[in-house]
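Q: I'm new to reading protein models, and I'd like to look closely at one small part of this one. Could you pick a spot and walk me outward from there?

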Amino acid sequence: MSIIPPHHRPLQQFFRSGPMPCPYLPGRVERKLFTRLSGPYAAEVNSTLSRAGFRRSHDIVYRPVCPTCSACVPVRIAVDQFEPTRSQKRVLRANEDLRLGQAPANATSEQYRLFATYQASRHGDSDMARMAMADFAAMIDEGRADTSLVEARDAGGKLIACMLTDRLGDGWSAVYSFYDAAQEKRSLGTYMILGLIARARAEGLPYVYLGYWIAQSRKMAYKARFRPLEALGRDGWYRVPDGEMP
């Protein structure tokens, strides 16, 4: 009689990147601790590492380990106590004509056109602005970890905003969003996060993960507007007092 050995989960291998220019703070150098997502445990690994302050990009989950800098602070929204500000309520009213829907994580030409227009408008000098359709498809398709897309469409069915999201064990992760930057009055970036908060609340999930907040980066300032906000410090996650950031 043969004996079938018990199943063992493979060990997760981690790597450290070499020094690279920091994409957020000029003149600084970053290094990352990272691992690859693959196989049947991808969603579980992504969820566990997100709670430890990691962030996903494609099939890589990473966290900065810069020896002389700790500016990147992982943050998440505490959904159960979240109340929109007056400004955020105006955003919701301004977008009452939109329809939010969830779509599979499959890249489409419609999404790519919106993505390319957004990059050209907001980040024209970045590497992402040079992404072709194949590169965009890789961003959507690679490293799936219970991943889906949230789409916002107007009354005519036109796609005007999109967010790549991961379902975690304790919430949703806002991986990346892009939208029609010409419709500035709608504040579509804020609207998409508010939609994700509403989804988490409806599903009884306590958190929406926003990635890293950096005090010196204007691009990250919007994250501080969602309260209550929690940050990950040396002793674990803690509630950030109103009016303060870590």
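A: Here is a walk that starts at one residue and moves out to the strands and helices around it. Keep in mind that this is a predicted model.

Let's start at Ser 47, which you'll find in helix H1, residues 42-51. Is Ser 47 buried or exposed? Its relative accessible area is 7%, and the cut-off for buried is under 20%, so Ser 47 counts as buried. Who does Ser 47 touch, once you set aside its neighbours within four places in sequence? The answer is Leu 168 and Gly 169.

Ser 47 has buried company in its own helix: Ala 42, Val 45, Asn 46, Leu 49 and Ser 50 of H1 are buried as well. What covers these buried residues includes several strands, among them S4 (32-36), S5 (55-57), S6 (60-64) and S10 (159-168). Strands S12 (207-213) and S14 (236-239) are also part of that cover. Just past the helix, have a look at Gly 53: it follows H1 and has a positive phi, near 95°.

Now let's follow some of those covering strands, beginning with S4. On one hand, S4 pairs with strand S1 (residues 15-16) in the antiparallel sense, over two bridges. There, Phe 15 has Phe 34 of S4 as its bridge partner. On the other hand, S4 is joined to S6 by five bridges, and these two strands run antiparallel too. In that pair, Leu 33 is matched with Arg 63 in S6.

Next up are S10, S12 and S14, which belong to an open sheet of eight strands. Reading across, the order is S8-S9-S10-S11-S12-S7-S13-S14, with mixed pairing. S8 (99-104) and S14 stand at the edges with a single partner strand each, so one side of each has no neighbour in the sheet. On average, neighbouring strands here are turned by 35° against each other, ignoring direction.

Zoom in on S10 for a moment. Eight bridges tie S10 to S11 (residues 171-179), and the two run antiparallel. One of the matches to look for is Ala 161 with Tyr 179 in S11. As you trace a strand, remember that in a regular strand the side chains alternate between the two faces of the sheet.

Finally, find helix H5, residues 188-202. H5 lies across S7 (73-78), S8, S9 (147-153), S10, S11 and S12, and runs at about 40° to S10. That brings us back to S10, which is also among the strands covering the buried residues of H1.

Technical notes:
Residues are numbered from 1 along each chain as its sequence is written. This is a predicted model: local features need pLDDT of at least 70, side-chain atom pairs count only at pLDDT 80 or more; totals for chains, interfaces and linings use all residues. Side-chain values use heavy atoms; hydrogens and water are left out. Helices (H or I, at least four residues) and strands (E, at least two) are DSSP runs, numbered from the N terminus. Buried means under 20% relative accessible area, exposed over 50%, partly exposed in between (1.4 Å probe, protein chains only). Contact means heavy atoms within 4.5 Å. Two strands pair if DSSP finds at least two bridges between them. Axes are lines fitted to C-alpha atoms, for helices over the stretch in contact, and angles run from 0 to 180 degrees between N-to-C directions.
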